[in-house]
Amino acid sequence: MPSRVLRRPLLLLLVPCAALLAWGLAAAQSQDFTDKKAPAPPPAAPAKLAGMEACGECHSDKVEQLARTAHGRTGHTTPDGALACETCHGPGSEHIEGGGDATKIRSFKKLSPPDVVAVCLTCHEQGENSHWKGSPHDNRALSCLSCHQIHPEKEVPEHLLAKQTEFATCTSCHMRRKASLYRSGHMPMREGTMRCTSCHNPHGSTGPTLLKQASINENCYTCHAEKRSPVLWEHPPVREQCTNCHDPHGSLHPRLLVAKVPRLCQQCHDETRHPTQPYSDASPGPEFFPGSRMFDRGCLNCHSMIHGSNHPAGMRFLR
């Protein structure tokens, strides 16, 4: 009787173990069968280059337009040997075999701005374009096609711009700057003497507001070298940045000033007890002479060296 009692627990342990072992063997056999039954499909053959002549059979207008540009005349090829159309649109053999299937070729009308930029940067990633990634125009989801056209229908503009001039291309978005440039005092951009790219690099820069130089003053000094510091007597707002007093895009005041003199100077300087102020014991106080601010209402009549002076006695910028 005791031996029978001991055998029952052993049987109860052996039955689940045997069932688990049988299930593992069946799973392994089914896995092996599945792997043998469904082999991995072979990789599809890559599309082949068709050549520019093959593209011209259907897109003759685009080929003619491209031939007038630097892209059509260049002899440089991509690592896979693509030239002209297929440099940007990719191999076109599957597109041709599919009867013009737009899904078989790279169509820029369906690409997102980052994808368009990625294609252009395969060739234009150096020089002035090296700071495009992370630039203000890049962060605003603009692409190269926002400002440039690859297949110009009419006359080929400079740098393949979207408009016929750089001024028209930039001001199509920067309307406030365009309004400033139509003021009486303005940079000579409308006349063609200067351009937006004279100061800015639209493809990105290390300076503020896409300036070519590291600071506003350094950018201004490229033309106005006579205003460059250091000097013996410095004017703090001039040393800080030129735009404290000047609007570089345009102003209604002389010398592109942001306000008319003496109001501009009075933003920092209090004219009370100034030598030109009619204030004495015999005359009423300055509050009775609201129009008598300064002689001929111009600070620069005396303080002519307002950008800084190298004269030993030039502390007041008088000489």
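This tour moves from the whole chain to its cysteines and then to its salt bridges.

**Setting up**

The model is predicted: local features need pLDDT of at least 70, side-chain atom pairs count only at pLDDT 80 or more, and totals for chains, interfaces and linings use all residues. Residue numbers run from 1 along each chain as its sequence is written, and side-chain values use heavy atoms, with hydrogens and water left out.

**Whole chain**

Start with the cartoon. Look for 13 helices and 2 strands. These are DSSP runs numbered from the N terminus: helices are H or I with at least four residues, strands are E with at least two.

Switch to the surface. About 22,500 Å² is accessible, and carbon and sulfur atoms hold 59% of that. The areas come from the Shrake-Rupley method with a 1.4 Å probe; for residues, only the protein chains shown count as cover. Of the 319 residues, 24% are buried. Buried means under 20% relative accessible area, exposed over 50%, and partly exposed in between (1.4 Å probe, protein chains only).

Now show contacts, meaning heavy atoms within 4.5 Å. Among those with a separation of 6 or more, 45% join residues 24 or more positions apart.

**Cysteines**

Select Cys170 and Cys196. Their sulfurs are 3.8 Å apart, too far for a bond. A disulfide needs two cysteine sulfur atoms within 2.5 Å, and the whole structure has 0. Cys170 is partly exposed, at 22% relative accessible area.

Go on to Cys242. Cys220 has the nearest cysteine sulfur, 3.8 Å away, and Cys242 is in no disulfide. At 19% relative accessibility, Cys242 is buried.

**Salt bridges**

Side chains of opposite charge can pair when their charged atoms come close. Here a salt bridge is a side-chain nitrogen of Lys or Arg within 4 Å of a carboxyl oxygen of Asp or Glu. The whole structure has 6; three stops follow.

Select Arg195 and Glu158. Their closest N and O atoms are 3.1 Å apart. Arg195 sits in the loop between β1 (185-186) and α11 (216-221), and Glu158 in the loop between α8 (136-139) and α9 (166-171), 37 residues apart. Arg195 is partly exposed at 36%, and Glu158 is partly exposed at 42%.

Next, select Asp247 and Arg183, paired at 3.9 Å, N to O. Asp247 lies in the loop between α12 (236-240) and β2 (250-251), and Arg183 in the loop between α10 (175-181) and β1, 64 residues apart. Asp247 is buried at 18%; Arg183 is partly exposed at 32%.

Finish on Lys227 and Glu226, bridged at 3.0 Å between closest N and O atoms. Lys227 is partly exposed at 28%, while Glu226 is exposed at 55%.
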